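Here are my notes on this one, written as numbered points so you can follow along with the model open. Shout if anything is unclear.

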Amino acid sequence: MSDETAGDLNAPVETTRAQDWWRDLDKRDRAAKARLKRADFDAAVIDEATLRLFRYLGRRRRHDLSRVAALAMVLAAVRQDTGRNKTFARQIGFSRMPTDPQRPEADNKPVLSVLRFKRLMSTANSPDPTSEDLAELARQFRRAVDLLGGAANVEDIKSVVLGWHRQETRRDFAFEYYGAGIASPQRGATSDPEASSHSSEHLVSA
């Protein structure tokens, strides 16, 4: 990763390991990017670019490789990294909390429809998803990236895809999709699990 000197406006912007991998794929390994874009899940798991991402992220357990493969498939669909100012859920969701999610205002329509969002939320959400589950999760996320024209937050996609099996990750994703991020607890912060769960369930079922 690059070193950023405080106060130096000409210093390079600090990047994360996921962003470094994506930039390397996008600029110097277009063949790998093309492979991952057309690969099925089994092929993605053993692709050398996936294994490189696995190392970039400091992963050690074989169990993690399947999740990293799903992530590699999604990131291969990204054409432009939009940076970390806006989460992926906000990019595909409502700009503000809708009165009626089924009938959004003309100036507050999500990029990813509520129906497709609910389908995404129900995909691979068990603690131990199968390869088929993760393949479907990658497909759903890639569809969302495509709807954005390929411009998406690489680092946030990494955090969400790798943490999708955690209830708090999906809860925060739902809050931000529905434009309720101001009411959403900070990721990783201590909160009332029961209250948070009920709030997110209300949004998703709206």
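**Notes on the helix packing and a few buried spots**

1. Let's start with Ala44. Setting aside residues up to four places away in sequence, Ala44 touches Leu36, Ala39, Thr50, Ala69 and Met73. Keep in mind throughout that this is a predicted model. Ala44 sits in helix α3, residues 41-45. Is Ala44 buried or exposed? Its relative accessible area is 0%, so Ala44 counts as buried. One of its partners, Met73, is 29 residues away in sequence, yet the two C-alpha atoms are 7.0 Å apart in space.

2. Now the core. The largest nonpolar core has 52 residues. Those with the most contacts inside this core are Trp21, Phe88, Phe141, Ile157, Trp164, Phe173 and Tyr177. Which helix gives the most to it? That is α5 (residues 62-75), with 9 residues. As background, nonpolar side chains in soluble globular proteins tend to be buried together.

3. Phe88 is a good residue to click on in that core. Leaving out neighbours within four places in sequence, Phe88 is in contact with Phe141, Ala144, Val145, Leu148, Ala152, Asn153, Asp156, Ile157 and Phe173. Three of those partners, Phe141, Ile157 and Phe173, are also on the list of residues with the most contacts inside the core.

4. On to the helix pairs. A packed pair is described by the angle between the two axes and the distance between them. How do α4 (residues 48-56) and α5 cross, and at what angle? Their axes come within 9 Å and cross at roughly 115 degrees, so α4 and α5 are roughly perpendicular to each other. The crossing is right-handed. On the α4 side you'll find Thr50, Leu51, Leu53 and Phe54, and these meet Asp64, Leu65, Val68, Ala69, Leu71 and Ala72 of α5. By class, the residues of this contact divide into 8 nonpolar, 1 polar and 1 charged.

5. Helix α5 also packs on α8 (residues 131-147), with axes that come within 8 Å and cross at roughly 25 degrees. These two are therefore roughly parallel to each other, and α5 passes α8 in a right-handed crossing. The α5 residues making the contact are Ser66, Arg67, Ala70, Met73 and Val74, while α8 supplies Leu134, Ala138, Phe141, Arg142 and Val145. That contact has 7 nonpolar, 1 polar and 2 charged residues. Two names should be familiar by now: Met73 touches Ala44, and Phe141 is in contact with Phe88.

6. What about α1 (residues 17-28) and α4? They pack at an angle of about 155 degrees, with their axes 9 Å apart, so the two are roughly antiparallel to each other. Here too the crossing is right-handed. Arg17, Asp20, Trp21, Asp24 and Leu25 of α1 meet Ala49, Arg52, Leu53 and Tyr56 of α4. The split in this contact is 5 nonpolar, no polar and 4 charged. Leu53 of α4 meets α1 here and is also part of the contact with α5.

7. Gln91 deserves a look as well. It lies in helix α6, residues 88-92. With 13% relative accessibility, under the 20% cut-off, Gln91 counts as buried. Not counting residues up to four places away in sequence, Gln91 touches Thr82, Lys86, Val111, Leu148, Ala151, Ala152 and Asn153. Leu148, Ala152 and Asn153 are in contact with Phe88 too.

8. Last stop, Ala124. Where is Ala124? You'll find it in the loop between α7 (114-121) and α8. Ala124 has a positive phi of about 50 degrees although it is not a glycine. Its relative accessible area is 7%, so Ala124 is buried. Beyond residues up to four places away in sequence, Ala124 touches Pro129, Asp133, Leu134, Leu137 and Trp164. Among these, Leu134 belongs to the contact of α5 with α8, and Trp164 is one of the residues with the most contacts inside the core. Ala124 and Ala135 are 11 residues apart in sequence and 8.9 Å apart in space, C-alpha to C-alpha.

Terms used
Residues numbered from 1 in each chain as written. Predicted model: local features only at pLDDT ≥ 70, side-chain atom pairs only at ≥ 80, totals over all residues. Heavy atoms only, no water. Core = buried A, V, L, I, M, F, W, Y, C linked by side-chain atoms within 4.5 Å. Buried < 20%, exposed > 50% of the residue type's maximum accessible area, 1.4 Å probe, protein only. Helix = DSSP H or I, 4+ residues; strand = E, 2+ residues; numbered from the N terminus. Contact = heavy atoms within 4.5 Å. Axes fitted to C-alpha atoms, helices over the stretch in contact; angles between N-to-C directions. Parallel < 35°, antiparallel > 145°, perpendicular 65-115°, else oblique. Left-handed = near helix turned anticlockwise from the far one by under 90°. Nonpolar A, V, L, I, M, F, W, Y, C, P; charged D, E, K, R; others polar.
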